[in-house]
Structure formats: structure tokens, C-alpha cells
Amino acid sequence: MRLKDLEKFNTITIQCHDNPDPDALASAYGLYRYFKENGKDVRIIYSGPFKIRKSNLLLMINELKIPISYHAAGEGKIDGLLITVDCQYGQGNVTKLEADDLAVIDHHNGVTDISLSEIRPGLGSCATLVWSLIQQEGYDVISDRAVCTALYYGLMTDTGNFSEISHPLDKDMRDALVFNEAQIRLFTNSNISLEEMRITGEALAGYTCISNYSCGLLKADECDPNILGIISDMALQVAEFNVVLAYGHVSGGYKLSVRSCTREVMADEFVKAITNGVGSGGGQDYKAGGFISEDRMRADDPSLSIRDYLDKAIRTYFESFSIIFASEYRPDRSLFAKYKKNPLTLGYIDPLTFLEKNTRIKVRTLEGDTELIIDGTFYLMVGILGEVYTMSIDKFEASYKKTESVYDRQLEYTPRIYVEPDGRVFDLYDRINTCVPYGTSYITAAKLDKNVKLFTRWYEEKYMKGETGDYIACRVDDPQDFYIIRKDIFDITYSPA
Ligand SMILES: [Mn+2]
């Protein structure tokens, strides 16, 4: 859905979920300003048993002049269009109001039969979704300082001060917004209420430890997600814990905040495993967040408690993989077969065609950000799924032939380059040239029969993850140079030799 599709309505009411949080307020405000500029009769409301009293929310409303009003139950039907933001109409966390027409804009998991809906569960905040929707229609967000500040604060609080961000669009918004720093500082320093301080203290005091795995588990009373981040940050400092999971009930399920300080567990991978099939999760190597849906968790066993679910999921996770150090690995070589690389067209980019030498850049892809300095010695290669990696020009010249064809693969997110010092942004799609490999190269590889974490010889800080069905490969001319190739990539890239 595009916002344009909602412009046939002249009277529009935007509803935040009950107990609004900064993300709901920010999302509503972004939409409000957009519809206002388009001449609509628009307002923002919220309902539920409680009126807003948290000090950071009151400051946000007053400082940014967000025109939100409380709608008591029984005030009657809503005229025109009702849009629920940061929540979905009919779900438990938002009071159901009658209206002529309905729309939903949200970033939580869920299915709705409302046709006017835009739901993107991969995003860290609903603010990010609103940012992209209003920009798509040409709204000049950057000139609207109050909206920028609101959107920034919405994303910030929904992602544990940005530490749990995983989607590149979230990062794009964070880097693009021009916000009022003094106001953000003001809101941040009024963040915790006395009640939340009590919740934090009780969660810490009630810790449990999953034996054998140095994994701390902390249960908090219902609270803002950013309080869970405070709890997990604090608990990770305890010597006995290498991995920490703080969780608390929210409408429809449980929010999780995960921290890790061991190289053998990446927080985002851990939270994805714990929420697999029952919710969603993501983040970075050492900090991540997620959500577990109550309905999906209890699909088979209606009496299952979250504590038992987590205990089992965490043990299953730790028992599901083995760790391989490439330099010491002595596998049964008879399980390895020889494969040859298919002559696939790849993409490459010569950064010197549009950037100066010695420029510090950040390459943003769906997999994450990589920082580099352009020194004239490498090209950026674009793999078959849009993954970007560097290759020395010497190696490139020896292995690939440049071709004239146009790069035409569909990518879920187009890689971008950010120039750190001056903020320039380059969309890479139109700069991708094509090449094909010379000759044939060979590897030996074996299919994995269990999950592994592999520390390559070149980088022992961070593992490559391999799942059952992926391949562990090594170069024919260097038998200790082990690495992992994902099944889907392997099947396209290699054939038996
Ligand atoms: Mn949200």
C-alpha cells in the first residue's frame, strides 16, 4: 500500500496503541504532518484505560507539539478513515473503535484482513516505515525538524538505543535524519520512571542461570522494550554470564533483549534461533532483540510457559552446533568431493570511478555494514544474491574477464556506499559492471550434517555460521583454508567435477 491510496479519504484519524510509546507517537506524527500538508482533516488519538504520564512521552508531546488527544471508550464511531499505527486493528494492545474505513501501518508480525495495510515485520521501528512511506510520496522530511526528531527517537527507543537494529532501512533513516540533539538528550534523561526502576531491580534480583551455558535469564514485569535493554546490558557485566536474555510480556507475546560477550555466540544469530517459527528477531553480534508471539509459541501446547519455552529453546540452541577452528580442523577427507565453479556472470564496481583515493566509506548491504578505505587496490564484487565483498585488482585481473552486459539481477535491497566524512550516499545498482570467470576453478566440499560455527584461518574473532545442508569447502591448493558456502549459493555456483 502507498499513502496515495489513502488520499481518497478527507477525514482521517490516526490511532496509536494503548499506552503509546515513542515509536507510536512518532509514526502518528509523521503521518499527521504528511496528511495535513495534503489538506486533509486529520487528528491523532489514543485510547485504553490509562492516560499518558511517563515524563519522556509528555516532554516529547510538548516539545515537538504532537497534537494527540485521549479518546475515551464510548465516545462513538469515528468518521472517515481510521489508521492504527505501530499496532494492528483488532489486536489486544489497541482499543477497538468503530470507523467507516480502516487502514493499518505497523512493523509487528501479524496477519490482517484489512486490505489497506502496510506491515513490515523486519523493520526496527514503525517510524522507519512511516519515514519511507512519506518520502515515497515526496514529503520533504528533512525540512521538518520536529518530525525528524520524533522519528529518530521512535527508532532509538524501539531498538535499545539503535543496538538492536538489523534492517538496512533503519540504518538509512538513522543516518539521514536531521534532528534536534538537545531535545533527544532531554527525552533520554527522563527515560526511566520510578516504577521502571523497580521493574529493573526486581528483574535483576530474580535472575536464573541456564547451567552449563553461562546464560542468564531475567524476567521483567510488563514494561517498555528499552527497559529490557537496560536490564540485559547490566546483567551482562556479571562475570558468570556470557550470554543474557531479558524478557517481558507485551500485548500478544514477549519482547526479548539479548546480549552476548563471547565470540562463540552472536546475539543476532542466537535471537533468530530462539524465535524461529514463533516470532522474529535481529540485531548485531553482541546486542539483539526479538519478539515471541504467544499464540504461535502455544500452538501445540496451550499450557506452555514462556520460562519453559525459553529454557528448552536455549538448550537446543547450544546443543545444535559444533565449533570448528579451521587451522586445527582434521576432517575425514573421504567425505569431501571435488566441485567446479560455474561460469556465472558477477557484478563488480571500481570505486575509483566515482570516489577519490583514500576516502573512508561504509558499504551497506542486507547483511550489514562494512567499513573500508578506498586505496586503489581492490574492486567491490557483487555476488549472485547482492552480497558485496572486496577483491584485489590483481586477483580480479587473473580470475575474471570484464563483459559488456548490463547487470540485471533483482536485489531485495540495493547496496549503498556512505562516505563517512561528508555524508554523501551512492546507490550502487547503476554502477555495477559485469564479469565472468576465466577458465575453471575447483574446490572440495562436503555437505554439513549438523550446524557448525567455523572460525576461518583468516579471522578468528567472528565465526561463519553453517547450517545443516550448507557446505564446508576448502581450496584445492590450500587444504586448511576452510570456509562455509550457503546451500542456495552453492547450488547455483558449483557443479560436481
Ligand atoms: Mn514500534
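**A buried threonine, an open sheet and their surroundings**

A polar atom of the T157 side chain sits 2.9 Å from the backbone oxygen of Y153. That same side chain also gets to the backbone oxygen of G154, at 3.2 Å. All of this comes from a predicted model. T157 belongs to helix 4, which spans residues 145–158. With a relative accessible area of 7%, T157 falls under the 20% cut-off and therefore counts as buried. Outside its neighbours within four places in sequence, T157 touches P22, D23 and N226.

The helix around T157 is mostly covered as well, with 13 of the 14 residues of helix 4 buried. From first C-alpha to last, helix 4 reaches 20 Å, close to the 20 Å expected at 1.5 Å a residue. After helix 4 comes G160, which has a positive phi near 50 degrees.

Helix 7, residues 194–205, makes a good case of a helix with two sides. Helix 7 has 12 residues and covers 17 Å between its first and last C-alpha, close to the expected 16 Å. E196, I199, T200 and A203 are its buried residues. Looking down the axis of helix 7, these buried residues fall within an arc of 100 degrees, so they line one face of the helix. That fits the usual geometry: an α-helix has 3.6 residues a turn, so residues three or four places apart point the same way. Over on the other side of helix 7, L194, M197 and A205 are exposed. The cover over the buried residues of helix 7 includes strand 8 (215–220) and helix 8 (225–236).

Moving on to the sheets, an open one is built from 4 strands in the order 17-16-21-22, with antiparallel pairing. Its edges are strand 17 (368–373) and strand 22 (425–427); each has a single partner strand, so one side of each is left without a neighbour in the sheet. On average, neighbouring strands here are turned by 20 degrees against each other, direction ignored. Within this sheet, strand 16 (residues 360–365) and strand 21 (residues 416–419) pair over 4 bridges in the antiparallel sense. R364 faces an arginine there, standing opposite R416 in strand 21. Helix 5 (residues 168–176) packs on the sheet and touches strand 16, strand 17 and strand 21, with its direction at about 140 degrees to that of strand 16.

Strand 18, residues 378–382, has 5 of its 5 residues buried, so it is largely enclosed by the rest of the structure. The cover is on both faces of strand 18: F378, L380 and V382 are buried on one side, Y379 and M381 on the other. Strand 18 also pairs with two strands named here. Strand 15 (residues 346–349) runs antiparallel to strand 18 and is joined to it by 3 bridges, with Y348 having M381 as its bridge partner. Strand 19 (residues 388–392) is likewise antiparallel to strand 18, with 5 bridges between the two, and L380 has T390 as its bridge partner. The hairpin of strand 18 and strand 19 has 5 residues between the strands, and G386 takes a positive phi near 90 degrees in that hairpin.

Methods: Residues are numbered from 1 along each chain as its sequence is written. This is a predicted model: local features need pLDDT of at least 70, side-chain atom pairs count only at pLDDT 80 or more; totals for chains, interfaces and linings use all residues. Side-chain values use heavy atoms; hydrogens and water are left out. Buried means under 20% relative accessible area, exposed over 50%, partly exposed in between (1.4 Å probe, protein chains only). A polar contact is a pair of N or O atoms within 3.5 Å; within protein, one must be able to donate a hydrogen and the other to accept it, and residues adjacent in sequence count only if both atoms are side-chain atoms. Contact means heavy atoms within 4.5 Å. Two strands pair if DSSP finds at least two bridges between them. Axes are lines fitted to C-alpha atoms, for helices over the stretch in contact, and angles run from 0 to 180 degrees between N-to-C directions. The expected span of a helix is 1.5 Å times one less than its number of residues. The arc is that of the directions from the helix axis to the C-beta atoms.
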